[in-house]
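Student: I should like to learn how the surroundings of a ligand are read from a structure. Could you guide me through an example?

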Amino acid sequence: MDSILAGAAPVIDDGFPATKLFSQGYSYTYDDVIFLPHYIDFPADSVRLDTKLTRNIHLSTPCVASPMDTVTESAMAAALAHLGGVGIIHSNNSASDQSALIRAAKARRFPSLSDPIVVSSSDSIASVSEFGSSPCILVTKTGAKNSGLLGVVSKSDWLAMDDVNNKEARVSDYMVKSPVTVPSSYSFEDVAGYLANSKLDFVAMVDEGSGEVVDVVASADVERIKGYPRGGVPSLGADGKFLVGAAIGTREADKERLEHLVKAGANVVVLDSSQGNSSYQIEMIKYVKRTYPELDVIGGNVVTMYQAQNLIQAGVDGLRVGMGSGSICTTQEVCAVGRGQATAVYKVSSIAEQSGVPVIADGGISNSGHIVKALVLGASTVMMGSFLAGSNEAPGAYEFQGGHRVKKYRGMGSLEAMTKGSDARYLGDKEKLKIAQGVVGAVADKGSVLKFIPYSMQAVKQGLQDLGASSLQSAHDLLRSGVLRLEVRTGAAQIEGGVHGLAITLTMSSPITMVSEESTVEETSLHLKSTETSGSSHTERIPSSSLSALSRNAALTSSAKVFLVT
Ligand SMILES: NC(=O)C1=CN([C@@H]2O[C@H](COP(=O)(O)OP(=O)(O)OC[C@H]3O[C@@H](n4cnc5c(N)ncnc54)[C@H](O)[C@@H]3O)[C@@H](O)[C@H]2O)C=CC1
Ligand SMILES: O=c1[nH]c(=O)c2[nH+]cn([C@@H]3O[C@H](COP(=O)(O)O)[C@@H](O)[C@H]3O)c2[nH]1
Ligand SMILES: [K+]
């Protein structure tokens, strides 16, 4: 196919090669551009998505979780590594807390399935809602995770306690002391086998080294994970444990932080800044390479070839691209600086490719089509915030807002995030004026990343197949050779490319609001109703009886159904 079709210039010039499209003085983002299909001679399943995060780190899945405090802590990092991607643990905390999150992610051999509820022995349990969806509450020395396990209170035991006074007592008075545990080094199969043989509903996992409790695994979770689609080959570091990244800043104190992170086992470090082309960052890149020659360092963020060139010369092993394109970013409005993300990814990867430095397309991903666009325009991986923030694995608990089950998601440059962690960033100077470059919001519940990332990757494979690209490398070859043709979509073409003209539809396309398999039918219909009332002016009212029938049907057939009312 290559010699007959791909190599020959089209008889009639059709579409633009990337060099021409991106040199017209416009800043384009993903939605502005569209790829023209090419020629298929292989099945979608054979498309390979294996890639490089940095010069020396290979991944089987091109997905990276952003270093944000509402996105990536240990559960997300473990889940992404399990899927073949990687999570970068945020640094909006103390060096010891960040190190503990790295250790917790690396202490396990399969992703956490639930967020265990942990109390101290002097606490009491006021109501059954404190158990959440968990079958038990763990009691630890400090009352937090990553501490020694003292006992457990199972939900069924607590419910069976008929003496109300007893329930008001401290948990130390009735918890099951020194419960059976399994080592956190157990594989998924080991734990599944243990639970099946012991007929237990749940078991706590304890890190043999530190004695700290890492997780609790319920039999129901085991059944759920067995039903998830297969991800890529898990990402492991040279230590044989999950590959985990960590963010740091460019202050003097970050050098000390890095020492802790390296001791905790961080496999790659991201210098986290909105404008990476600074003397501070260049000095830090050189320091990291000098002090830890084995550790790969990712610089950024950059959006121009000039910025990229400077960081490449300083010695970065990877580049993070995006300024103001994130869903919670206000940088372009506040500072008038940044670039449309499609242009930024194309331009930076054009120069980075010449030095063999992989590019991470960071921000602005809200559907699988955006992932295809980022990867085909030259990126080796995509970094995501909002796309992952509504998942089970993101930090924080779900809340209900206006009938939606949501999780909080905030910019790291928002006032709220700055107030929490950035005293270091502002040198503890309380007088310094803080200008927010991000907002605080919430995103819809999407269920587990273990489920929706494999679906998204299958969609990416289909996108690459349409372009005639059987791997990311072949997509980049098509881009650079000019065989790949693009066009800019007019506003009307963008509307046409989305779902339009329907009263109601059940679809996998974007714009998406996912309802997780954990959502009950009642929650699902609630969600539909609220979407209906908050929808656009084209909304047609649908009797709630038919909505609930629709939602029940959808909830039964697929957990990743999308409900859209226009
Ligand atoms: N990708 C994006 O578009 C954006 C991302 N963000 C996120 O917000 C967070 C904070 O970003 P930034 O405010 O850019 O952090 P930053 O730490 O790079 O910059 C904060 C300020 O400190 C200065 N600075 C850095 N190192 C210094 C040193 N050693 N000595 C003296 N001054 C120094 C910087 O020049 C800047 O004025 C990050 O998580 C970042 O990813 C924020 C805005 C935009
Ligand atoms: O202008 C900004 N103000 C902020 O407060 C902020 N916090 C994060 N980021 C960047 O946004 C990326 C995540 O974007 P998405 O939600 O679109 O995936 C992240 O990966 C960051 O690059 C920020 N940008
Ligand atoms: K933005």
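Tutor: We shall begin with the shell around ligand 2 and then turn to two glycines. Please note that this is a predicted model.

Student: Which residues come nearest to ligand 2?

Tutor: One lists the residues around the ligand and then picks out the nearest. Here 26 residues surround ligand 2, and Gly326, Cys329, Gly411, Gly413 and Gly438 come nearest. At least two residues of this shell are supplied by β18 (381–384), and at least two by α15 (386–389).

Student: How many residues of each class does the shell around ligand 2 have?

Tutor: The shell around ligand 2 comprises 17 polar residues, eight nonpolar residues and one charged residue.

Student: Which residues does UniProt list for "binding site"?

Tutor: A record may be set beside the model. The unreviewed UniProt entry lists Gly324, Gly326 and Cys329 under that heading.

Student: Where is glycine 324 found, and is glycine 324 buried or exposed?

Tutor: Glycine 324 lies in the loop between β16 (318–321) and α12 (331–335). A residue is buried if 20 or more other C-beta atoms lie within 10 Å of its own. Glycine 324 has 24 such atoms within 10 Å and is therefore buried. Beyond its neighbours within four places in sequence, glycine 324 is in contact with Cys329, Thr331, Gln332 and Gly338.

Student: Why does glycine 326 count as buried?

Tutor: Glycine 326 counts as buried because 28 C-beta neighbours lie inside 10 Å. The loop between β16 and α12 holds glycine 326. Leaving aside neighbours within four places in sequence, glycine 326 is in contact with Gly363, Gly364 and Gly385.

Definitions and conventions: Residues are numbered from 1 along each chain as its sequence is written. Chains are lettered from A and ligands numbered from 1 in the order in which they are written. This is a predicted model: local features need pLDDT of at least 70, side-chain atom pairs count only at pLDDT 80 or more; totals for chains, interfaces and linings use all residues. A residue is near a molecule or strand if its C-beta atom, placed from the backbone, lies within 6 Å of it. Helices (H or I, at least four residues) and strands (E, at least two) are DSSP runs, numbered from the N terminus. Ala, Val, Leu, Ile, Met, Phe, Trp, Tyr, Cys and Pro count as nonpolar, Asp, Glu, Lys and Arg as charged, and the others, Gly among them, as polar. UniProt positions are given in the numbering used here, feature names are shortened, and annotations may be inferred rather than shown by experiment. A residue is buried if 20 or more other C-beta atoms lie within 10 Å of its own, exposed if 12 or fewer, and partly exposed in between; C-beta atoms are placed from the backbone. Two residues are in contact if their C-beta atoms, placed from the backbone, lie within 7 Å.
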